[in-house]
Amino acid sequence: MWLVSVFWVHHKKRAYGETMSSKATSLGKESEISQFQNLVSIFWPSFLVASLSTILFFAFFDPTELASISGYPEVSRLAGYTIGFFLFWFISAVSSGLTYYFRQPCHKPVSESE
Amino acid sequence: MANDNPNSKAATKGSENSDLYKKREKIYPREVHGIFATMRNLAMVALLGIFYVLPWFDYDGHQAILFDLPARKFYIFGWTFWPQDFIYLTALLLIAAYALFFFTTLAGRLWCGYACPQTVWTEIFIWIERKFEGSRQKQIKLDKGPWNSERILRTGGKHAAWIIFSLFTGFTFVGWFTPIDSLYSDIMAGDISAWGIFWILFYALATYGFAGLMREQVCIYMCPYARFQSVMFDKDTLLIAYDEDRGEPRGARKKGIDPKEAGLGDCVNCGLCVQVCPTGIDIRNGLQYQCIGCAACIDVCDEVMEKVNQPKGLVKYTTEHALKGGKTHILRPRIVVYAALLMIITGALIFSIATRTPLELDIIRDRNVLYIENDEGLIENVYTLKVINMTNNDQTYRLSVSGLQGLEMEIRSDEITVETGGVAEVPVRLATDPENLKTASSVVNFTIESLTTEGLSLTESGRFLGPISR
C-alpha cells in the first residue's frame with residue numbers, strides 16, 4: 001500500500017513539478033477531477049475488490065492449512081486473513097494505479113510544468 | 001439566479017481542508033426537527049442498537065450472532081454455518097442486491113437517507129459534534145475564531161469523544177467476528193492478540209475518517225451506489241423535489257403581503273433547505289446525484305411554510321410524473337419483476353435452510369480399478385466416503401448400504417465418529433455375487449445415520465461397477 005502511495009506521489013511530482021498542490025488544483029479545475037478523487041479512484045475500488053476477494057478466497061481455503069503446507073505453521077487464522085486481505089488490496093491497488101497512470105496523456109508540454 | 005448559497009457564504013472563510021481533498025467547503029448541517037428527522041433518528045437508534053448491543057446476547061451457550069472467523073463457522077441463533085454453506089451467503093448477497101434494486105426503483109434513495117452505515121454514523125458524529133461545539137452558527141463562529149482555550153477545549157473534546165466512540169465501534173466490529181466476551185476480557189487483561197488490536201484500530205480509523213472527517217465526500221466521490229442508482233430511477237420513482245412552479249420566482253417578502261400581488265412564488269428564499277443539507281446542495285436546483293434523500297429539507301421547509309401560512313410540501317417526496325401533474329403508477333413491470341425475483345430467491349433460501357441437513361456425505365470411487373473379482377468369486381468395489389459433521393457437537397454415525405441384492409460391506413469400524421466441524425474419511429469395500437448384477441453399472445445407496453442426534457440421516461447414491469452382464 002505504502003509503495004503504491006509513494007509511486008503515486010512521485011509520479012505527481014514529476015508530472016506537475018514541485019508546486020504540486022497549486023498546479024494540481026488548477027489541473028483539477030480543468031479536468032474537474034480533484035486530487036482526492038484520484039486517490040480514491042486508486043485505493044477505494046481496490047479496497048472493495050480486495051474485500052470481495054478475501055471473502056471468496058477464504059471461504060474455500062483455510063489460511064492455517066495454506067500456512068502449514070507452505071511451512072509457516074505459526075501463522076494464525078486471523079493473521080492469515082489479514083495478510084491475505086492486504087495482499088489482495090496491494091495487488092488490486094497496483095492494478096488501479098497502473099490504470100490511472102496509463103490514462104494520462106503520454107506527452108506533457110515541458111514549458112507548462114517548469 | 002444569483003448564487004445564494006448561505007452555506008458556502010458562511011463557510012468560505014471557515015476552513016479549507018488539506019490538499020488531498022478538493023478545496024472543500026466544510027458543511028455545517030443545521031439541526032432539523034420534523035417527521036422525517038424523527039424517522040431518521042429512529043432508524044439510527046435501531047440500527048446502531050443492533051450493531052452495538054446484539055453481539056452481547058447469547059443463545060444456546062454461544063454468542064447469538066457470531067461470524068466466527070478464527071473458528072471458521074457462523075452462528076446465527078440456532079443455526080451454525082460452515083464454509084461448505086457458502087451457497088447461502090451467495091443467496092443472501094443476491095437478495096441484498098435485488099432488495100436494493102427494488103427499493104431504489106420504488107422509493108429512490110431510501111437506503112442512503114435512512115439505513116446506510118455512512119449516513120447513520122455521520123449522524124451520530126454530528127450529534128456528538130453539536131454536544132461539544134454547539135449549533136451550526138456556533139460551529140461556524142468557532143471555526144472562524146482564533147485557537148483560544150475555548151476552541152481548543154471544544155474542538156479537542158469533540159475529537160476526543162469521536163476517537164473514544166470510534167475505538168468502541170472498532171471493538172464492537174471485531175466482536176462480530178470473534179467472541180466479544182473473551183475479546184473484552186482479553187483487552188481488560190491486556191492480553192489481546194496483535195491482529196485483534198490491528199483490526200480494532202483499522203475499523204476505528206475508518207469510522208473516524210469516514211463519519212467524522214470525510215462525511216458527504218464519501219457519498220459523492222466514493223460510493224458506487226450513488227453513481228449508478230440513477231439508472232434504476234424512472235418517472236414513477238419517489239424522490240425529493242422542489243415544486244418549482246409553485247415556488248418561483250422566489251424572494252423575501254414583508255409580512256402580510258400577498259405574494260401573488262408582489263409577483264412572487266411561495267419560496268421565501270430563507271435558505272434553510274440549504275443549511276440543513278448534509279451534502280451542501282440546493283434542492284431547488286433540481287435533481288442532483290449528491291442528494292442522499294435524507295428529507296431534512298422537507299422537514300425544514302414545511303416548518304417555514306407553516307410559519308408563513310402557506311400549505312406544506314413546497315419541497316416534498318414526489319415523483320417526476322406527479323410533479324408534471326400526472327399520475328404515479330406504483331405497479332410497473334420493473335417493480336413486479338424485482339419483487340418476483342426477490343420473493344423467489346428469498347423463498348428458496350428459507351426453504352433450503354429449513355430443510356438443511358447439517359451433515360454431508362461425499363462418495364469417491366477408487367480411481368485405480370473399476371472392480372475386483374475376489375477369491376470367493378464376488379465382485380468388489382472400493383470407495384472412500386467423506387463425512388462432514390456440520391452440527392455443534394461431536395457425532396457418531398452408522399453407515400448402511402442398499403440398492404443391490406446380497407451386498408456385503410466391509411468397513412474398519414461399525415461406528416464413525418466425527419468431531420464438530422470435522423471431516424472423516426472412511427474407506428469402504430462393497431462386494432456382491434455377479435449373479436446380482438444385471439447391468440455393468442448399478443446404483444447403490446449409502447445411508448448415514450446419526451446415533452447421537454435422533455432423526456439426523458442422509459442418503460447419497462453411488463455407482464457399483466461390475467463385468468458386462470452375461
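User: Which residues of α7(B) meet α9(B)?

Analyst: When two helices pack, a good habit is to list who touches whom on each side. In this predicted model, the α7(B) side includes B:W162, B:I163, B:S166, B:L167, B:T169 and B:G170, with B:F171, B:F173 and B:V174 following. They meet residues of α9(B), among them B:G196, B:W199, B:I200, B:L201, B:Y203 and B:A204. B:T207, B:Y208 and B:G212 also belong to the α9(B) side.

User: At what angle do α7(B) and α9(B) pack?

Analyst: The angle is about 130 degrees, and the two axes are 7 Å apart. Angles over 145 degrees would count as roughly antiparallel and 65 to 115 as roughly perpendicular. The pair of α7(B) and α9(B) is therefore called oblique. As for handedness, α7(B) passes α9(B) in a right-handed crossing.

User: Which residues touch the most other members of the largest nonpolar core?

Analyst: To read a core, look for the members with many partners inside it. Here the largest nonpolar core has 46 residues, and B:I240, B:C273, B:I283, B:A296, B:C297 and B:V315 touch the most other members. Several elements of chain B supply at least two residues each, including α5 (117-133), α7 (149-175), α10 (216-222), β6 (239-242) and α14 (296-307). The most comes from α9(B), which gives 6 residues.

User: What does B:A296 touch, leaving out residues up to four places away in sequence?

Analyst: Leaving those out, B:A296 touches B:V32, B:A37, B:V276, B:C277 and B:P278. Another core, of 18 residues, lies apart from the largest one, and B:L385, B:M390, B:L404 and B:F464 are among its members.

User: How does the radius of gyration of chain B compare with that of a compact globule?

Analyst: The idea is to set the chain's value beside a rule for a globule of that length. A compact globule of 470 residues would be near 23 Å, whereas chain B has 32 Å. The C-alpha trace spans about 110 × 60 × 40 Å along its principal axes. Chain B contains 16 helices and 16 strands, and 27% of its 470 residues are buried.

User: Which residues have a positive phi although they are not glycines?

Analyst: Start with the backbone angle, then check the location and the surroundings. B:F77 has a positive phi of about 45 degrees and sits in the loop between β4 (73-76) and β5 (79-81) of chain B. B:F77 counts as exposed because it has 11 C-beta neighbours inside 10 Å, and the cut-off for exposed is 12 or fewer. B:N269 also has a positive phi, of about 55 degrees, and lies in the loop between α12 and α13 of chain B. With 17 other C-beta atoms within 10 Å, B:N269 is partly exposed.

User: Where is the cis peptide bond?

Analyst: Omega is the angle to look at. The cis bond joins B:E248 and B:P249, with omega about -10 degrees. B:P249 is in the loop between α12 (244-247) and α13 of chain B.

User: How far apart are B:V382 and B:I372 in sequence and in space?

Analyst: For a pair like this, read both separations together. B:V382 and B:I372 are 10 residues apart in sequence and 8.8 Å apart in space, C-alpha to C-alpha. B:V382 is in strand β10 (residues 379-389) of chain B. B:V382 is partly exposed, with 18 other C-beta atoms within 10 Å. Not counting residues up to four places away in sequence, B:V382 touches B:D366 and B:R429.

Methods. Residues are numbered from 1 along each chain as its sequence is written. Chains are lettered from A and ligands numbered from 1 in the order in which they are written. This is a predicted model: local features need pLDDT of at least 70, side-chain atom pairs count only at pLDDT 80 or more; totals for chains, interfaces and linings use all residues. Helices (H or I, at least four residues) and strands (E, at least two) are DSSP runs, numbered from the N terminus. The radius of gyration is taken over C-alpha atoms; the globule rule is 2.2 Å times the number of residues to the power 0.38. A residue is buried if 20 or more other C-beta atoms lie within 10 Å of its own, exposed if 12 or fewer, and partly exposed in between; C-beta atoms are placed from the backbone. A nonpolar core is a set of buried Ala, Val, Leu, Ile, Met, Phe, Trp, Tyr and Cys residues joined through C-beta atoms within 7 Å. Two residues are in contact if their C-beta atoms, placed from the backbone, lie within 7 Å. Axes are lines fitted to C-alpha atoms, for helices over the stretch in contact, and angles run from 0 to 180 degrees between N-to-C directions. Angles under 35 degrees count as roughly parallel, over 145 as roughly antiparallel, 65 to 115 as roughly perpendicular and the rest as oblique. A crossing is left-handed if the near helix is turned anticlockwise from the far one by less than a right angle, and right-handed if clockwise.
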